[in-house]
Every structure is written in C-alpha cells, then in structure tokens.
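Subject: A structure for you to look at

Hello,

Here is the model I promised to pass on. Please open it alongside this note, and then read on for what turned up.

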Amino acid sequence: MLSYRHSFHAGNHADVLKHTVLTLCINYLKEKEKPFLYLDTHSGAGRYLLQSEYAEKTEEYLAGIGRIWLQDHCPELLMPYLSVLQYYNRTEKLKYYPGSPLIAKQMLREQDKLNLTELHSTDYPLLRQEFIKDKRAKVLKEDGFQQLKSKLPPESRRGIILIDPSYEIKDDYQNLPKALLEGYKRFATGSYLIWYPVINRSQTQRMINQITNSGIRNILQIELAIKPDNNQKGMTASGMIVINPPWKLQQQMATILPWLREKLDPSNIGHGLIEQLVAE
Ligand code: SAM
C-alpha cells in the first residue's frame, strides 16, 4: 500500500526546480501549433492546500516557493511558472500549490492531450475531480510505468513525459530505467523529464548511470542541492534528467539556476549543476 502523500512536500525546493523545468519544456512545445501529449506517470493529487495539516506539519513550502513568491526582480524565464501559480492564487496570499497535472492543465492548449496516472486511493479521486470537465485529459488509476509501454508513441508524435515517482518503493530506482527504455524504444523523439531525489547519493547515481549507459542519446542533467551530501535522513538535493531537452533549456537553466540557488540555498552550502551527460 502506498503511504507517500505529496501534500507534505508540495512547493518545496524540489518542486520549484521540477516545475520550472516543466514549464520551460511545455512552452517550447507550444511554439508549434501542432498538438502534443503530456504524459504524467506519477501525477499526485493535482492541487495542494498549503494551509492544510499536511503542508503545515513540514512547512517545506516555506523554504521553497515561499522564498520566491512575491519576490521582486525574478528572472523573466521564471514567469511561465509564476504565472501558473498566480492563476491558482488570485490574491497575494499563497494558498494553493498546483502540482504538475494542474500546471499542464493551465498551460496546454485545446488541441493538446493529457494522460495522467495516480495509484494512491486518496489522491486519485482528487485528481480525477480536477479534470472532470476537461475533455483533453484521461485520468487513470493505473501504474505509471506501464503507461510508457501502452501510451507511446502518441498519435501526434510529439510529447512531454514526466516521470516523477516518490521513490517510496526502493524498486523505483531499478524500475524507472527499465520502463524508460520501453518508452524510448517506442518514442525516441519525445522529451522525457525524470525527477530524482538525492537522499543516498550512490543509490541515485546508480540509477542515473543505468540511464546514461542504456544507449539513450541526448541527456541533460540539472541539479540543485541545498546542502552537501550526507548520511543523515532527508533529501539534500534533487534534480532532473531530461532526455531530448528543448535546445534552449540548457542556456535557460544556466540563467535561472544561480538565482534559484541564491533564494533556496541562502547559506550557500549546496551546489547547482547543469551537465550534458550524453551527446545528441
Ligand atoms: N508529479 C507530481 C507533481 O509534480 O505535482 C508529484 C507526484 S509524487 C512525487 C509521486 C506520486 O506517485 C504519489 O502521489 C504516489 O501516490 C504516486 N505513485 C507511486 N507509485 C505509482 C505508480 N506505480 N503509478 C502511478 N502513481 C504512483
């Protein structure tokens, strides 16, 4: 049984990084009129109330989006992300944090499609409710990894695939590269966005090595650490592995990441990293 609830973590530093990358990738695909598929394998509940007992228990959002929201002089490239937050928060008070499905819901166009999967028995109905009137979306209580086999390639032959497990099940570290390869074999031109935490560096690195040694081309890594690696409990860093990134993404993140680091790692003890791991 799954016990991870993203509501404890919504809006933390990892979400800020992940959702910034996501919004830049979505905007890139929107540069062409042609439709595309947004496939979100591990969707979560969609919307998170920041004044809930969950969010207030950890207050992770205060050290994440809380440090960025209402800042003057944000980099222009953060505006797509911040505009979505403004859409869901009509006043200056940050009440809701939109998860990846709601970010996509707001940014995608009429011609685009969403395929969302979530297995948690409490979060799935919440997610389904968010999309009940949205004809573009299919919301399924199915295994997200399986979607990479069954839903690819998309009819439109264009797509963003967000793979964002909780890694609550340790097998996720092994299952992810296998499932990814199944998707890539079917749809080698899609943009795959894979989120990873750094809790145990060697465990994360093993998964990244498996991906980079799989034959998949054009892999970019983006990481933001708010602390040095250590042996204690808790996440010190998170990152995105992006396969077939939009050509602008590396440069865009090189502009944004130092600013994000300044806000999210004010003691300057972590690091930022942008690296092309495998060439085109
Ligand atoms: N992508 C979301 C976002 O950015 O707002 C957050 C997702 S959260 C990190 C991971 C979610 O995956 C959890 O809600 C968990 O219940 C769900 N989950 C875990 N294993 C799954 C699986 N095999 N298939 C689909 N969902 C799964």
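Let me start at the ligand, where a backbone N or O atom of His 42 lies 2.8 Å from one of the ligand's nitrogen atoms. Please bear in mind throughout that this is a predicted model.

Two side chains also come up to the ligand. In Asp 143, a side-chain N or O atom is 2.6 Å from a nitrogen atom of the ligand. In Lys 18, a side-chain N or O atom is 3.2 Å from an oxygen atom of the ligand. How much of the ligand's accessible area does the protein cover? On its own the ligand has 600 Å², and the protein covers 97% of that.

In total, 21 residues surround the ligand, and the closest are His 19, Glu 118, Asp 143, Gly 144 and Asp 164. You may like to set that beside the record: in an unreviewed entry, UniProt gives "binding site" for His 19, His 42, Ser 100, Glu 118, Asp 143, Gly 144 and Asp 164. From this set, His 19, His 42, Ser 100, Glu 118, Asp 143, Gly 144 and Asp 164 are found in the lining of the largest pocket.

Two of these positions deserve a separate paragraph.

The first is Asp 164, which UniProt also lists under "active site", again in an unreviewed entry. Where does Asp 164 lie in the fold? Asp 164 sits in the loop that runs between strand S6 (159-163) and helix H7 (172-186). Asp 164 counts as buried because its relative accessibility of 11% is under the 20% cut-off. Beyond its neighbours within four places in sequence, Asp 164 is in contact with Lys 18, Thr 41, His 42 and Trp 195. With Lys 18 there is a polar contact, side chain to side chain, at 2.7 Å. So when you look at Lys 18, please check both this pairing with Asp 164 and the approach to the ligand's oxygen atom.

The other is His 19, in helix H1 (residues 13-29). Is His 19 buried or exposed? His 19 is buried, since its relative accessible area is 1%, under the 20% limit. Setting aside neighbours within four places in sequence, the contacts of His 19 are Tyr 81, Tyr 97, Pro 98, Gly 99, Ser 100 and Ile 103. Among them, Ser 100 is another of the "binding site" positions in the UniProt entry.

Happy viewing, and best wishes!

Notes
Residues numbered from 1 in each chain as written. Predicted model: local features only at pLDDT ≥ 70, side-chain atom pairs only at ≥ 80, totals over all residues. Heavy atoms only, no water. UniProt positions renumbered as here; feature names shortened; annotations may be inferred. 1 Å grid on protein atoms, 1.4 Å probe; cavity = no way out; pocket = protein on both sides within 12 Å on 5 of 7 lines; lining within 4 Å. Helix = DSSP H or I, 4+ residues; strand = E, 2+ residues; numbered from the N terminus. Buried < 20%, exposed > 50% of the residue type's maximum accessible area, 1.4 Å probe, protein only. Contact = heavy atoms within 4.5 Å. Polar contact = N/O pair within 3.5 Å; in protein donor to acceptor, adjacent residues only side chain to side chain. Near = heavy atom within 4 Å. Areas by Shrake-Rupley, 256 points an atom, 1.4 Å probe, with all protein chains shown as cover.
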